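Colleague: I am new to this one. Can we go through it by asking what each label rests on?

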Amino acid sequence: SLKDNPRALDVNIEISEPRGWRKSSSNNSHTVAHYMYGEGEDQVSYMIQVFALPLFLSRNETRNLFSGSKEYGLTKEDLLEDVKGEIFDIKEDVVGLYPALHVKLLQDVVILGEKRPLYTNLWYIIYEDRVIMIWGTAMRPTEFEMNLYDLMFHLMVSQVRFPDHFEKKYE
């Protein structure tokens with residue numbers, strides 16, 4: 001459980017740590033967990049970040065937001081505003097019984113002066129007054145590898161749980 005991590009901002013997140021992956025520390029104040037597999041250009045990364053939201057949204061309000069509602073002063077476009085890269089798939093999903101927005105994109109990163117493609121699966125989960133972002137990234141994958149990474153990241157995200165949601169009396 002990541003409950004006692006101060007970067008989790010009081011969100012109780014349970015994950016299954018990926019076996020055979022290195023746990024990495026991060027200087028980013030929002031990163032709750034970061035795991036890496038492989039080295040250099042073959043490196044794959046799985047990261048969870050938590051950010052505060054200026055408003056509280058129930059699960060139903062979040063579903064409405066992801067479906068295009070603008071009544072909360074926030075839109076799904078606002079969530080994607082800082083995402084750099086070519087977004088080629090956005091769909092609604094569910095993570096740990098909470099509505100999520102699943103985004104697939106290709107980003108260009110510069111390493112040692114060379115521009116390289118970074119394949120990213122990103123899940124936005126609104127948990128009351130927090131945004132949880134789960135990132136799965138891989139450098140320079142082939143189309144076949146992208147399909148494998150999609151499956152692997154989906155399996156990893158399907159293990160994310162929010163045990164405190166059973167204690168909530170509201171929807």
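Colleague: Is Gln107 buried or exposed, and how do you know?

Modeller: This is a predicted model, and every value here is computed from it. Gln107 has 15% relative accessibility. Buried means under 20%, so Gln107 counts as buried. Gln107 sits in strand β5, residues 98-111.

Colleague: What makes the link between the side chains of Gln107 and Thr120 a polar contact?

Modeller: The distance is 3.0 Å, side chain to side chain. The cut-off is 3.5 Å between N or O atoms, so the pair qualifies on distance. Gln107 also touches other residues, including Lys84, Gly85 and Arg116.

Colleague: How do you know that β4 and β5 pair?

Modeller: Pairing needs at least two bridges. Here 9 bridges join β4 to β5, and the two strands run antiparallel. So they count as paired. Asp89 stands opposite Lys104 in β5. The hairpin of β4 and β5 has 2 residues between the strands, and Gly96 takes a positive phi near 55 degrees in that hairpin.

Colleague: Where is Glu86, and which residues does Glu86 contact?

Modeller: Glu86 is found in strand β4, residues 86-95. Leaving aside neighbours within four places in sequence, Glu86 is in contact with Lys104, Leu105 and Leu106. The C-alpha atoms of Glu86 and Arg140 are separated by 14 Å, and these residues are 54 apart along the chain.

Colleague: On to the rings. How many aromatic pairs does a search of the whole structure find?

Modeller: The search finds 7 aromatic pairs. One of them joins Trp21 and Tyr37.

Colleague: Why is the pair of Trp21 and Tyr37 called tilted?

Modeller: The ring centres are 5.6 Å apart, and the planes make 40 degrees. Centres within 6.5 Å make a pair; under 30 degrees is stacked and over 60 is edge-to-face. An angle of 40 degrees falls in neither class, so the pair is tilted. Trp21 lies in the segment before β1 and Tyr37 in strand β2, 16 residues apart.

Colleague: Are Trp21 and Tyr37 buried or partly exposed?

Modeller: Trp21 has 15% relative accessibility and counts as buried. Tyr37 has 44%, so Tyr37 counts as partly exposed: partly exposed lies between 20% and 50%.

Colleague: What makes Tyr127 and Phe162 a pair, and of which kind?

Modeller: The centres lie 5.1 Å apart, with 40 degrees between the planes. That is within 6.5 Å and between the two angle limits, so this pair is tilted too. Tyr127 lies in strand β6 and Phe162 in the segment after α3, so the pair ties together parts that are 35 residues apart in sequence. Tyr127 is buried at 3%. Phe162 is buried at 1%. Together with Tyr98, these two form one aromatic cluster.

Colleague: What lies over the face of Tyr98, and how do you know?

Modeller: Arg59 does, at 4.6 Å from the ring centre. The distance limit is 6 Å, so Arg59 meets that part of the test.

Colleague: Which residues have the most contacts inside the largest nonpolar core?

Modeller: That core has 30 residues, and those with the most contacts include Ile13, Tyr46, Ile134 and Phe162. Its largest share, 7 residues, comes from β6. Among the contacts of Ile134 are Tyr46, Val95 and Ile125. Apart from this core lies another, of 16 residues, among them Leu53, Phe66, Leu105 and Trp135.

Methods. Residues numbered from 1 in each chain as written. Predicted model: local features only at pLDDT ≥ 70, side-chain atom pairs only at ≥ 80, totals over all residues. Heavy atoms only, no water. Phe/Tyr/Trp six-rings, centres within 6.5 Å; stacked < 30°, edge-to-face > 60°. Helix = DSSP H or I, 4+ residues; strand = E, 2+ residues; numbered from the N terminus. Buried < 20%, exposed > 50% of the residue type's maximum accessible area, 1.4 Å probe, protein only. Lys NZ or Arg CZ within 6 Å of the ring centre and 35° of its normal. Polar contact = N/O pair within 3.5 Å; in protein donor to acceptor, adjacent residues only side chain to side chain. Contact = heavy atoms within 4.5 Å. Core = buried A, V, L, I, M, F, W, Y, C linked by side-chain atoms within 4.5 Å.
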